[in-house]
Amino acid sequence: MTSEERLTSLRLDPKDFPKRIELELSENVVIRINYLAEKSGRSFSEVAMDILSKALEPRVHSLPQVISCLVFS
């Protein structure tokens with residue numbers, strides 16, 4: 001492999017970067033995520049990302065069901 005080929009293989013493709021999203025959450029959901037973040041020692045963003053990721057996995061309930069568990073559990 002040439003140096004140019006090595007450099008090309010190491011280049012990052014911006015389309016593969018994580019995407020930023022903004023969500024509007026109810027006050028109860030924000031309170032619950034803050035509680036979970038404090039309890040686990042993680043940031044609000046990390047907990048919210050984890051919840052969203054788990055909700056989108058096929059074996060887990062839908063996002064509204066996951067959020068309702070946060071509010072009512």
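I looked up the D50–R42 pair first and found their side chains joined in a salt bridge, with an N to O distance of 3.8 Å. I note that the model is a predicted one. For the surroundings of this pair, I recorded D50 as partly exposed because its relative accessibility is 25%. R42, at 36%, is therefore also classed as partly exposed.

I then turned to K54. This residue forms a salt bridge with D50 as well, and the closest N and O atoms lie 3.2 Å apart. Both K54 and D50 belong to helix α3, and because they are four residues apart there, about one helical turn separates them. I entered K54 as partly exposed, given a relative accessible area of 42%. I count two salt bridges, and R42, D50 and K54 are linked by such bridges in a network.

Next I examined how α3 packs against α2. Helix α2 covers residues 27-40, and α3 covers residues 44-56. Their axes come within 8 Å and cross at roughly 110°. This angle falls in the range from 65 to 115 degrees, so I describe the two helices as roughly perpendicular. On the α2 side I listed V30, I33, N34, L36, A37 and S40, which meet F44, V47, A48 and I51 of α3. By class, I find eight nonpolar residues, two polar and no charged in this contact.

Last, I checked S45, which sits in helix α3. With 49% relative accessibility, S45 counts as partly exposed, since the exposed class requires over 50%. I also noted that S45 and N34, eleven residues apart in sequence, have C-alpha atoms 9.5 Å apart.

Notes. Residues are numbered from 1 along each chain as its sequence is written. This is a predicted model: local features need pLDDT of at least 70, side-chain atom pairs count only at pLDDT 80 or more; totals for chains, interfaces and linings use all residues. Side-chain values use heavy atoms; hydrogens and water are left out. Buried means under 20% relative accessible area, exposed over 50%, partly exposed in between (1.4 Å probe, protein chains only). Axes are lines fitted to C-alpha atoms, for helices over the stretch in contact, and angles run from 0 to 180 degrees between N-to-C directions. Angles under 35 degrees count as roughly parallel, over 145 as roughly antiparallel, 65 to 115 as roughly perpendicular and the rest as oblique. Contact means heavy atoms within 4.5 Å. Ala, Val, Leu, Ile, Met, Phe, Trp, Tyr, Cys and Pro count as nonpolar, Asp, Glu, Lys and Arg as charged, and the others, Gly among them, as polar. A salt bridge is a side-chain nitrogen of Lys or Arg within 4 Å of a carboxyl oxygen of Asp or Glu.
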